[in-house]
Amino acid sequence: MNQRESDTSLIPSIQERLSTLYSKLSSLPLEESIIISKGEMTPLQRMIRIILSQNTNDKLALKAFQNLEELSGGDLVNLLQFPEERIREAIAISGMKTQKARTILRVIENRDLLLRVRDMEPSEALRSLMEIPGIGPKSARVFLSFQYGMPFFPVDTHIFRVINRLGWFGKFSSPEKLSQFIESAELPAEKLKRLHVMIIRFGRDICKAKNPRCSLCPLSSECEYYRKSAELSQA
Ligand code: SF4
């Protein structure tokens, strides 16, 4: 573990840094919202959308979800009546169909838990959801943050890349470590959620995995990746 990942004496500076990030990203005209943040959903709808959104884009995840709704006749619980193969076919467009179909069926079987976690302490709710086979820390955090407004900070591939490139808190060995570190700053749940969405959009539009658009970036003067790239190009 990076030593700074657990250094709580850094809390004031974490909060300051996150506030800076929040205000600078708020000023950018970034792409549309992300699929899991849109609109009202039942807990089961939300969790299935989260599963379908893994490793694909919003458009394909939405199409897969619509296929499931159609197959189920409008009540997703009816999917339990179908062989797993039918679920796989319906969601194939979103990729990872075998793993996703299995997880979706386990989630439907455990649908009562999706309601019960609302009344648990956040840490207990997180642990409980992760006992559903196929539900990892990121999916559980996204669900609890977006469905019930709990103070979690899910980290996807975009967030992991952006924060590590900035280098403000050192380098993190895993998305889970980064989630725990940001959550240790104890920001309000709503701010954590908005920051999560903004960094994902920023990672998609500007701080892209290949060829980041640093010339458009309001964080370039404070970015370790940018500074090192500039030093290398001058060497
Ligand atoms: S300066 Fe470049 S690498 Fe750094 S955060 Fe901005 S876009 Fe990403």
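1. A residue counts as buried here when its relative accessible area is under 20%, and as exposed when that area is over 50%, with partly exposed in between. Keep in mind that this is a predicted model. By that yardstick, buried residues make up 46% of the 235 residues in the protein.

2. On the overall fold: you'll be looking at helices, 12 of them, and zero strands. Reading along the sequence just gives α-α-α-α-α-α-α-α-α-α-α-α. The radius of gyration is 19 Å, close to the 18 Å that the globule rule gives for 235 residues, so the protein is as compact as a globular protein of that length. If you want a feel for the dimensions, the C-alpha atoms fill a box of roughly 60 × 35 × 30 Å along the principal axes.

3. Next, contacts across the chain. Take the contacts between residues at least 6 apart in sequence: 65% of them join residues at least 24 apart. One pair to click on is Lys63 and Ala90, which sit 27 residues apart along the chain, with their C-alpha atoms separated by 9.3 Å. Lys63 itself belongs to helix α3, residues 58-72. With a relative accessible area of 39%, Lys63 is partly exposed, because that value falls between the 20% and 50% cut-offs.

4. Surface and charge. The accessible surface comes to about 11,900 Å², and carbon and sulfur atoms account for 49% of it. As for charged side chains, there are 34 positive and 28 negative ones, and the centres of the two sets lie 6 Å apart.

5. A quick word on cysteines: a search of the whole structure turns up zero disulfides. Two cysteines to look at are Cys214 and Cys223. Cys214 has a relative accessible area of 21%, so it is partly exposed. Cys223, at 12% relative accessibility, counts as buried.

6. Ser94 deserves a look. You'll find Ser94 in the loop between α4 (84-91) and α5 (97-109). Is Ser94 buried or exposed? Its relative accessible area is 2%, so Ser94 is buried. What does Ser94 touch, leaving out residues up to four places away in sequence? The list runs to Leu52, Gln54, Asn55, Thr56, Leu60, Ala61, Ala64 and Lys100.

7. One name on that list, Asn55, is worth following up. Asn55 is in the loop between α2 (43-52) and α3, and its relative accessible area of 69% makes it exposed. So Asn55 is exposed, while Ser94, which touches it, is buried. The backbone of Asn55 also stands out: phi is near 55 degrees, a positive value in a residue other than glycine. Most residues other than glycine have a negative phi.

8. Glu186 is another residue with a positive phi, again near 55 degrees, and again not a glycine. This one lies in the loop between α10 (175-183) and α11. At 67% relative accessibility, Glu186 counts as exposed.

9. Last stop, helix α11 (residues 189-205), where Lys193 is found. Lys193 has 18% relative accessibility and so counts as buried, because the cut-off is under 20%. Which residues are in contact with Lys193, leaving aside neighbours within four places in sequence? They are Ser145 and Phe146. Set against Lys193, which is buried, Lys63 in helix α3 is partly exposed.

Definitions and conventions. Residues numbered from 1 in each chain as written. Predicted model: local features only at pLDDT ≥ 70, side-chain atom pairs only at ≥ 80, totals over all residues. Heavy atoms only, no water. Helix = DSSP H or I, 4+ residues; strand = E, 2+ residues; numbered from the N terminus. Rg over C-alpha atoms; globule rule 2.2 N^0.38 Å. Buried < 20%, exposed > 50% of the residue type's maximum accessible area, 1.4 Å probe, protein only. Contact = heavy atoms within 4.5 Å. Areas by Shrake-Rupley, 256 points an atom, 1.4 Å probe, with all protein chains shown as cover. Lys, Arg positive; Asp, Glu negative; His and termini not counted. Charge placed at Lys NZ, Arg CZ, Asp CG, Glu CD. Disulfide = S-S within 2.5 Å.
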